[in-house]
Structures are given as C-alpha cells and as structure tokens.
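Please open the model in your viewer and keep the sequence panel beside it, since the stops below are given as selections to make one after another.

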Amino acid sequence: MRLIGSSFAALLAMAASAHAAGWQTYDFRDSGFSIESLVPLTKGAGTYKGAIAGQVPTVTYSGEAENIRYKVSIVDISKRPADAVNLYLEMEFLTSLGGKVLANESVGIEPGATRHYGRQLAMQMKDGNLMRTVLVYNKGKIYVTEAIILPNGDKDSFSPERFVESILFDLDGAARERDADPANFKTPDGK
C-alpha cells in the first residue's frame with residue numbers, strides 16, 4: 001500500500017513540475033511591467049469606457065492556454081493625475097458589475113518599499129465563466145491583469161491566480177529574486 005501511495009505522490013510531483021515548467025516571465029519594458037504566463041502574450045489595443053474616465057485607449061497583451069484566457073490591459077491616465085483615485089475606484093466598481101463577485105480583497109505586488117497595492121476580484125461572470133482580476137496603479141497607469149476560465153477549463157486551476165498576481169514593475173529582476181525567498185515576507189509585527 002505504501003508503494004502505491006509513494007508512486008502516486010511521485011506522479012503528482014512530476015505532473016506539477018511539468019505544469020510549472022511551462023511558466024515563463026515575459027518582460028514588456030515598453031509598457032513598464034513583467035508577468036509570468038504559460039503562453040506568450042500578443043500586444044494589441046482596446047478602449048476602456050467609464051462615466052468619469054470617458055473613452056481611454058488601452059494597450060493590451062493577451063494569450064490563451066488550457067481553456068484559460070490571459071490578458072493585461074494598461075489604461076494610461078497620466079494626463080489626469082487629479083482624477084487618479086476616482087478613475088481607479090470607478091474601474092473597480094465597473095469591473096464588479098460584470099457578474100457575481102465571489103471575492104474582493106487587497107493585494108500587494110512586490111515586497112518591501114517598492115510594494116504596490118491594488119484590488120483582486122474573483123467573479124462568476126454573467127456568461128458563466130470564472131474570472132480573476134487584479135487592478136493596480138503604477139506611474140500614471142492602471143494595470144489590469146485578468147484570467148478567465150472558459151468553458152471546459154479547469155475551474156480548480158491555480159493558473160489564473162498565479163498569472164494575475166505575478167505582475168511586477170521592478171524590471172531588473174530583483175523583486176522576483178526576493179519573491180522566491182519566503183523569509184523576505186514578514187507581518188507588520190515582524191513575524
């Protein structure tokens with residue numbers, strides 16, 4: 001019985017490492033970020049629409065793997081610094097209208113003094129798909145990472161969470177190196 005359990009554990013470990021092996025870090029220096037993805041992301045364009053923001057052109061990066069659609073949208077609001085907080089909150093509110101919100105929580109990107117805070121939402125979309133998204137502001141731009149589990153996709157997959165939380169603005173790689181060591185993460189009381 002132990003042999004069967006050990007064999008099963010070994011198979012799971014091999015499958016997990018093979019799945020993890022497909023992840024790569026993609027740097028988009030022209031847009032000021034890097035992100036981990038299972039699939040190369042293709043650059044495109046779009047438009048963000050809001051009552052306060054109006055219509056704002058966006059730069060997008062997207063790809064699809066294993067019935068999960070991955071996307072990063074960048075909304076440049078650098079010419080409207082006085083409206084930045086309001087535009088960010090409007091975007092969070094409008095995102096939450098896309099379906100049933102399952103979770104809405106704070107998220108921190110990058111450890112230490114370079115940390116950026118944002119919002120992470122998990123939603124059951126009106127079309128039945130599951131979506132996980134992170135909205136974070138950096139240097140005059142709102143970055144929206146999203147992963148949508150399409151029909152026949154693995155609803156228990158960790159890939160959407162890994163993708164949306166892996167965005168970094170520290171392009172020299174130091175943040176990813178810090179992230180790899182759990183000792184670099186401490187609570188406010190030092191534990």
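**The main core**

In this predicted model, begin by selecting Phe 33, Ile 35, Tyr 70 and Phe 163, which touch the most other members of the largest nonpolar core, a set of 27 residues. To see where this core draws its residues from, colour strands S1 (24-28), S2 (33-37), S4 (54-65), S5 (68-76), S6 (99-109), S8 (130-138) and S9 (141-149) together with helix H3 (159-165), the elements that each give two or more residues to it. S5 gives the most to this core, with four residues.

Now centre the view on Tyr 70 and display its surroundings: leaving aside residues up to four places away in sequence, Tyr 70 touches Leu 38, Val 39, Leu 41, Tyr 61, Ser 62, Gly 63, Ala 65, Glu 146, Ala 147, Ser 159 and Phe 163. Apart from the largest core lies another core, of 18 residues, and selecting Tyr 48, Ala 84, Leu 87 and Val 144, which are among them, will bring you to it.

**Three strands in succession**

Next, show the backbone of strand S3 (residues 42-50) with S4; the two pair in the antiparallel sense over nine bridges, and a hairpin joins S3 to S4 through three residues. To check the register, pick Thr 47, whose bridge partner in S4 is Pro 57.

Continue from S4 to S5, which pair in the antiparallel sense over eight bridges; here Tyr 61 stands opposite Val 72 in S5. The hairpin formed by S4 and S5 has two residues between the strands, and Glu 66 in the turn has a positive phi of about 55 degrees. While side chains are displayed, bear in mind that in a regular strand they alternate between the two faces of the sheet.

**A patch on the surface**

Switch to a surface representation and select Phe 93, Leu 94 and Leu 97, which form a nonpolar patch with about 270 Å² of accessible area together. Leu 97 sits in the loop between helix H2 (84-96) and S6. Is Leu 97 buried or exposed? Leu 97 counts as partly exposed because its relative accessible area is 44%, which lies between the limits of 20% and 50%.

**The whole chain**

Finally, zoom out to the full chain, whose secondary structure comes to four helices and nine strands, following the pattern α-β-β-β-β-β-α-β-β-β-β-α-α along the sequence. Of its 191 residues, 42% count as buried, while the chain exposes about 10,800 Å², with carbon and sulfur atoms supplying 57% of that area.

Key. Residues numbered from 1 in each chain as written. Predicted model: local features only at pLDDT ≥ 70, side-chain atom pairs only at ≥ 80, totals over all residues. Heavy atoms only, no water. Core = buried A, V, L, I, M, F, W, Y, C linked by side-chain atoms within 4.5 Å. Buried < 20%, exposed > 50% of the residue type's maximum accessible area, 1.4 Å probe, protein only. Contact = heavy atoms within 4.5 Å. Patch = residues over 30% accessible without salt bridge, like charges linked within 9 Å, V, L, I, M, F, W, Y side chains within 5 Å. Areas by Shrake-Rupley, 256 points an atom, 1.4 Å probe, with all protein chains shown as cover. Salt bridge = Lys/Arg side-chain N within 4 Å of Asp/Glu carboxyl O. Pairing = 2+ DSSP bridges.
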